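Visitor: I would like a close look at a single part of this model, with its surroundings described carefully enough that I can follow along in the coordinates. Please take your time and keep the answer connected.

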Amino acid sequence: MEDMVGMFAQKMGIPPELARMGLSLVSKYFLQNSNPNEASGLLSSLPGLSDMFSDDERRQFTTRQDNVPHEDLLAMLRNQLGSDNAQSQRFFEEGTKLLKERTGQQGLFDNIMRNQKKSSF
């Protein structure tokens, strides 16, 4: 997980602490928007990912689906990272790309994004 955070920090030009915080928010977004079985699979596909979350959070991810709006995630990224809309969107896109590559679960991420787009219309 540390190598992933380091790569992400370097790519985004931010300190590792901010990269970890941002990746945690992006990961949490996908875990909350996944059904419990998908969330369990996602947590197990990336060693170290589950360490980013408390026991209670992991239990919630694997027992219910929350369907957090994309706009809420972007607002959290702006607030936590002190970024603007464009930076937050880029952070989300790059974080998503990295998670897709590392987990090998591209379909899961694509389905969640497709479902988010449908619900925003």
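Guide: What follows starts from the first helix and then moves outward to the core, the pocket and a few individual positions. Please keep in mind throughout that this is a predicted model.

Helix 1 spans residues 2-12, and its buried residues are Met-4, Val-5, Phe-8, Ala-9 and Met-12. These five cover an arc of only 130° around the axis, which puts them on the same side of helix 1. The face turned away from that buried side carries the exposed residues Glu-2 and Gln-10. Among the elements that cover the buried residues of helix 1 are helix 2, residues 16-33, and helix 6. The helix is followed by Gly-13, whose phi is positive, near 70°.

From the helix we can pass to the nonpolar core. The largest nonpolar core has 34 residues, and those with the most contacts inside it are Tyr-29, Phe-30, Leu-49, Leu-77 and Phe-92. Helix 1 is one of the elements that give two or more residues to this core, together with helix 2, helix 3 (36-45), helix 5 (70-81), helix 6 and helix 7 (106-119). The largest share, seven residues, comes from helix 2, which is also among the elements covering the buried residues of helix 1. As a general background, nonpolar side chains in soluble globular proteins tend to be buried together. For Leu-49, if neighbours within four places in sequence are left aside, the residues in contact are Met-1, Ser-27, Leu-42 and Leu-43.

Met-12, one of the buried residues of helix 1, also appears in the lining of the largest pocket. This pocket has a volume of about 190 Å³, and its lining includes Ile-14, Leu-18, Leu-81, Gly-82, Ser-83 and Phe-91. The largest share of the lining, five residues, comes from helix 6, which spans residues 85-103. Sorted by class, the lining has six nonpolar, four polar and one charged residues.

Helix 6 also holds Lys-100, which is partly exposed, with a relative accessible area of 21%. Not counting residues up to four places away in sequence, Lys-100 touches Gln-105, Gln-106, Phe-109 and Asp-110. With Asp-110 in particular, the separation is 10 residues in sequence and 9.2 Å in space, C-alpha to C-alpha.

Asn-111 lies in helix 7, and its relative accessible area of 34% makes it partly exposed. Its C-alpha atom and that of Ser-34 are separated by 9.2 Å, although the two residues are 77 residues apart along the chain.

Two further positions complete the tour. Arg-58 belongs to helix 4, residues 55-61, and is partly exposed at a relative accessible area of 22%. Leaving aside neighbours within four places in sequence, Arg-58 is in contact with Leu-43, Ser-50, Asp-51 and Phe-53, and Leu-43 is also in contact with Leu-49. Between Arg-58 and Gln-32 there are 9.8 Å from C-alpha to C-alpha, while the two are 26 residues apart in sequence. In the loop between helix 4 and helix 5 you will find Asn-67, which has a positive phi of about 55° although it is not a glycine. Asn-67 counts as partly exposed, at 47% relative accessibility.

Note on methods. Residues numbered from 1 in each chain as written. Predicted model: local features only at pLDDT ≥ 70, side-chain atom pairs only at ≥ 80, totals over all residues. Heavy atoms only, no water. 1 Å grid on protein atoms, 1.4 Å probe; cavity = no way out; pocket = protein on both sides within 12 Å on 5 of 7 lines; lining within 4 Å. Points joined across faces, edges and corners; volume = space filled by probe spheres on them. Helix = DSSP H or I, 4+ residues; strand = E, 2+ residues; numbered from the N terminus. Nonpolar A, V, L, I, M, F, W, Y, C, P; charged D, E, K, R; others polar. Buried < 20%, exposed > 50% of the residue type's maximum accessible area, 1.4 Å probe, protein only. Arc of directions from axis to C-beta. Contact = heavy atoms within 4.5 Å. Core = buried A, V, L, I, M, F, W, Y, C linked by side-chain atoms within 4.5 Å.
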